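Here are a few friendly notes to read alongside the model. Keep the structure open and find each place as you go.

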Amino acid sequence: MKRSGWVAWLRLLAGLGILVALVWHLGSQTFLAGLRRIDAATLLAALGIGVLTTVCSAWRWCLVARGLGLRLPLGRAVADYYRALFLNAALPGGVLGDVHRAVHHGRSSGDLGRGVRAVALERTAGQVVLLVTGAVVLLVRPSPVLAPVTRFLASPAVALSVAAAGLLVLAVAVRLRRRRGASRGERALRTVVAEARQGLLARGVWPGVALSSAAVLAGYLGMFVLAARVAGATAPTAELVPLVVLALLAMALPLNVGGWGPREGVAAWAFGAAGLGAAQGLTTAVIYGVLAFVASLPGAVVLLARVFPLSAARPTASGAVPLGIRIPSKEPRRSGAERQAEGPPLAAATGMIRQRAAEVPSAVTGGVRAQASQTTAARGDTP
């Protein structure tokens, strides 16, 4: 098995391990309690929030793609984004839908590499806005959760890791500058930086990207707060927002099974640290996972419509039938003798008797000869 396959399996096992540990410590009733609290009104609200976040995400994707010189209509972007969300939620890993979206758009636009980088930049923009907003919320809003997070970030291990990473990046940059010729990696890095400027930081792109990312983040926060209310949380919204931000940040970790795993673990820990109870945090995360899956269900309709197109068996507006499709005739089959006895068919448009191509020259020649014979007889000449 390749190294990438082992890494994917390790990520799935890590997500499953988190879920198993939560069930072991908090019991399976926590998951079942979250499912019982969901009603029809909550599902409709999740669908509405999903429409807002999906349209804004598709608009952000359109802006980035057009900044890179790729054509992407908004309607097609919304449909493809819905399909990607459904695949992310239904398949392990949580990113296979985005991979399919990137490859499909790249191939259809004629530039696979640029199409993949457009999706990567679009997703990066959303994560950057989430990180910046999360840092601001955790620093501005006092919360009991902030103390252990601050102690962890200020620990010597984290400080040494950050310093080592900075020195490594600096060493690589110095080595690349000293080299005379541009290597393949350096050219790729320059291409990524140039396209990031075009797709994210251009004058006509970054305002729309920032606005759409803020709207998407507001939708995610609103859905998480809705899940907390359904789970029975009575704390003020201002106290729930820092906890929700931590859970959303955990969703960015590539250690999940269809989005499940780190989100539930961090939510249980954050709610427990805030004094709201780890069980309520786990129930909130479970309800959010169900609502997010319901919000992505229109993507299943898009997927089925692409796999089984309804217009394949319909005739076109002009009455023509697409190639490769045979429409059976309603008339009974007739033998060759019956068709010959009926005589030649009539043309539908002109009403004239249609003749075979081989019979047309003989008929014309016969008419000319008959007309010549009549002329000769009138003159008294002998043929």
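1. Let us begin with a word you will need: a residue counts as exposed when its relative accessible area is over 50%, as buried when that area is under 20%, and as partly exposed in between. Please also remember that this is a predicted model.

2. Now try the word out on valine 140, which sits in helix H6. Is valine 140 buried or exposed? Its relative accessibility is 66%, and the cut-off is over 50%, so valine 140 counts as exposed.

3. Valine 132 also has its place in helix H6. Its relative accessible area is 48%, which lies between the two cut-offs, so valine 132 is called partly exposed.

4. Which residues make the nonpolar surface patch of about 490 Å²? Valine 132 and valine 140 both belong to it, together with Val128, Val136 and Leu139.

5. Stepping back to the whole protein, you will find 16 helices and 0 strands. Of its 383 residues, 32% count as buried. The accessible surface is about 23500 Å², and carbon and sulfur atoms account for 66% of it.

6. Next, look at helix H11, which runs over residues 237-251. From the first C-alpha to the last, its 15 residues reach 21 Å, close to the 21 Å expected at 1.5 Å a residue. Its buried residues include Leu240, Pro242, Val244, Val245 and Leu248.

7. What do the buried residues of H11 pack against? Their partners are helix H6 (112-140), helix H10 (206-231), helix H12 (262-273) and helix H13 (278-295). One pair to find by eye is valine 140 and proline 242: they are 102 residues apart along the chain, while their C-alpha atoms are separated by 9.8 Å.

8. The largest nonpolar core has 24 residues, and those touching the most other members are Leu221, Met223, Phe224, Leu248, Ile287, Tyr288 and Leu291. Helix H3 (40-67), H6, H10, H11 and H13 each give two or more residues to this core. Another core, of 22 residues, lies apart from it, with Trp61, Ala65, Ala196 and Leu200 among its members.

9. For a close-up, choose leucine 221. Leaving aside residues up to four places away in sequence, leucine 221 touches Val244, Val245 and Leu248, three residues that are buried in H11.

10. Finally, consider contacts across the protein between residues at least 6 apart in sequence: 68% of these join residues at least 24 apart.

Note on methods: Residues numbered from 1 in each chain as written. Predicted model: local features only at pLDDT ≥ 70, side-chain atom pairs only at ≥ 80, totals over all residues. Heavy atoms only, no water. Helix = DSSP H or I, 4+ residues; strand = E, 2+ residues; numbered from the N terminus. Expected span 1.5 Å × (residues − 1). Buried < 20%, exposed > 50% of the residue type's maximum accessible area, 1.4 Å probe, protein only. Contact = heavy atoms within 4.5 Å. Patch = residues over 30% accessible without salt bridge, like charges linked within 9 Å, V, L, I, M, F, W, Y side chains within 5 Å. Areas by Shrake-Rupley, 256 points an atom, 1.4 Å probe, with all protein chains shown as cover. Salt bridge = Lys/Arg side-chain N within 4 Å of Asp/Glu carboxyl O. Core = buried A, V, L, I, M, F, W, Y, C linked by side-chain atoms within 4.5 Å.
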